[in-house]
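Reader: I have a new structure open and would like to learn how to read it. Could you take me through it feature by feature?

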Amino acid sequence: MAKYLITGGAGFIGGHLAETLVKDGQEVVVLDNLATGKRENLIPAQNGPGQLTFIEGDIRDLATCHRAMEGVDYVLHQAARPSVQRSVEDPILSHDINLNGGLNVLVAARDAKVKRLVSASSSSVYGDRQDPFAPKREDMDLRPKSPYAANKVAMEYYCRVFHQAYGLETVSLRYFNVFGPRQDPHSPYAAVIPKFIFALLEGRRPVIFGDGRQSRDFTYVTNVVAANLAACTAPGAAGLALNVASGGSHDLLELLAILERLIGVKAEPEFRPPRPGDVMASLADLNLTRSVLGYEIGIGYEEGLAILVDLARQGKYLA
Ligand SMILES: NC(=O)c1ccc[n+]([C@@H]2O[C@H](COP(=O)([O-])OP(=O)(O)OC[C@H]3O[C@@H](n4cnc5c(N)ncnc54)[C@H](O)[C@@H]3O)[C@@H](O)[C@H]2O)c1
């Protein structure tokens, strides 16, 4: 049994990580201040052969990070103020949580001599390119378009520096638009898939910012969990940043058409102006992740959408 610290473990992705690890018999500590996370996200993680401890606390407090790190083997650093839009509205708060908080987590992990720290980065680090539809490769230069993306770029550099300067093994995982059960459908900053699903089910008009031709490499959450666990121990991963995605490009109009078919309704989207900071297209090249992590896509895009629609219909989406 190994001991894992999940910062942001009461969030969408962190909750899935906790659930998988506890079911696998591991010892899990969650550090979360419940800013966007919820205690309910940890309910599925409570029934396993493993052990779950919840610390309600803030990564901006170094002493709290040190306390959470005691005896920890692996850190899965998910805590952040997510969303491009939040960061455009309040860049100082995003910087404080994503970078000052992130640096505390790195310092505490170094001091506790953990075996490895895996940090949640984002496809937003790539920004827009001359050919926006070309797959994003990890060796491309980074062109962040929002404060959030700039935070993630800087955090990747900190991870690399902590590996080089202090010997702390770090891996950054660039998640591409993750979706899955329990992802918040109703916040003003909610991701597009849960927003569309619940708008269609509740008879509301889905809102599209821009013309709907922007495309994303939507990734079902179990793939992200698998990549995190592989990144903890994969030889040769330390010091790298790796894409985590499905490797497919899907625009919002196509997404809406699939959901209309699955749900059996027709919707009239409401188009609003594009939002600052949003990129036009994002599609991952997965060759490096495949070779370093042995990464394989478990649940694909359309299969994931069908699972979610079924859960939402049965009232089990948040369960
Ligand atoms: N969901 C995606 O599509 C996506 C894509 C790229 C990257 N990411 C990254 O993945 C990570 C997890 O994202 P998520 O979608 O699960 O979001 P989420 O909001 O559900 O999870 C973030 C968690 O961090 C916690 N948190 C925030 N500030 C904190 C603080 N100061 N101290 C302690 N905890 C704090 C929140 O309460 C929440 O539980 C984030 O780092 C995010 O930037 C997510």
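Author: Happy to. Let's start with strand 2, which is largely enclosed by the rest of the structure because five of its six residues are buried. Keep in mind as we go that this is a predicted model.

Reader: Which strands does strand 2 pair with, and in what sense do they run?

Author: To read a pairing, look for the bridges that join two strands. Strand 2, residues 27–32, is joined to strand 1 by five bridges, and the two run parallel. Strand 3, residues 51–56, is joined to strand 2 by six bridges, again in parallel. You can follow single partners too: Ile6 has Val30 as its bridge partner in strand 2, and Val29 stands opposite Thr53 in strand 3.

Reader: What about strand 1, is it mostly covered or open?

Author: Mostly covered: five of the five residues in strand 1 (3–7) are buried. Try looking at which way the side chains go. Lys3, Leu5 and Thr7 point one way, Tyr4 and Ile6 point the other way, and all of them are buried.

Reader: Which other strand pairs with strand 1?

Author: That would be strand 4, residues 74–77, which pairs with strand 1 in the parallel sense over four bridges. Here Tyr4 stands opposite Tyr74.

Reader: What do strand 1, helix 1 and strand 2 make together?

Author: For this kind of feature, follow the chain from strand to helix to strand. Strand 1, helix 1 (residues 12–23) and strand 2 make a β-α-β unit, and it is right-handed.

Reader: Where should I look for the nonpolar core?

Author: Here's the general idea: in soluble globular proteins, nonpolar side chains tend to be buried together. In this model the largest nonpolar core has 83 residues, and Ala18 and Val28 touch the most other members. Helix 7, residues 221–233, gives the most to this core, with seven residues. Apart from this core lies another, of seven residues, among them Val125, Tyr126, Ala149 and Ala150.

Reader: Which residues does Val28 touch?

Author: Leaving out residues up to four places away in sequence, Val28 touches Tyr4, Ile6, Ala18, Leu21, Val22, Ala45, Gly50, Gln51 and Leu52. Ala18 is on that list, and it shares with Val28 the top place for touching other core members.

Reader: How do I tell whether a single residue is buried or exposed?

Author: Count its C-beta neighbours inside 10 Å. Take Val75, which sits in strand 4. Val75 has 29 such neighbours, so it counts as buried. Now try Arg213, in the loop between strand 8 (207–209) and strand 9 (215–216). Arg213 has 12 C-beta neighbours inside 10 Å and therefore counts as exposed.

Reader: Which residues do Val75 and Arg213 touch?

Author: Setting aside residues up to four places away in sequence, Val75 touches Leu5, Val105, Ala109, Val114 and Leu117. Look at Val75 and Leu117: they are 42 residues apart in sequence, yet 4.6 Å apart in space, C-alpha to C-alpha. With the same kind of neighbours left out, Arg213 touches Asp251 and Leu253. Arg213 and Leu253 are 40 residues apart in sequence and 6.6 Å apart in space, C-alpha to C-alpha.

Reader: Which residues are closest to the ligand?

Author: To read a binding site, start with the shell of residues around the molecule. Here 29 residues surround the ligand, and the closest are Gly8, Gly11, Thr36, Gly37 and Ala80. The elements that give two or more residues to this shell are helix 1, strand 2, helix 4 (91–111) and strand 5 (116–122). Helix 1 gives the most, with three residues. By class, the shell has 15 nonpolar, ten polar and four charged residues.

Reader: And the backbone? Which residues other than glycine have a positive phi?

Author: Ser83 and Lys113 are two to look at. Ser83 has a phi near 90°, and you'll find this residue in the loop between strand 4 and helix 3 (84–89). Ser83 is buried, because 20 other C-beta atoms lie within 10 Å. Lys113 has a positive phi of about 55° and lies in the loop between helix 4 and strand 5. With 12 C-beta neighbours inside 10 Å, Lys113 counts as exposed.

Key:
Residues are numbered from 1 along each chain as its sequence is written. This is a predicted model: local features need pLDDT of at least 70, side-chain atom pairs count only at pLDDT 80 or more; totals for chains, interfaces and linings use all residues. Two strands pair if DSSP finds at least two bridges between them. A crossover is right-handed if, with the strands pointing away from the viewer, the path from the first strand over the helix to the second runs clockwise. A residue is near a molecule or strand if its C-beta atom, placed from the backbone, lies within 6 Å of it. Ala, Val, Leu, Ile, Met, Phe, Trp, Tyr, Cys and Pro count as nonpolar, Asp, Glu, Lys and Arg as charged, and the others, Gly among them, as polar. A nonpolar core is a set of buried Ala, Val, Leu, Ile, Met, Phe, Trp, Tyr and Cys residues joined through C-beta atoms within 7 Å. Two residues are in contact if their C-beta atoms, placed from the backbone, lie within 7 Å.
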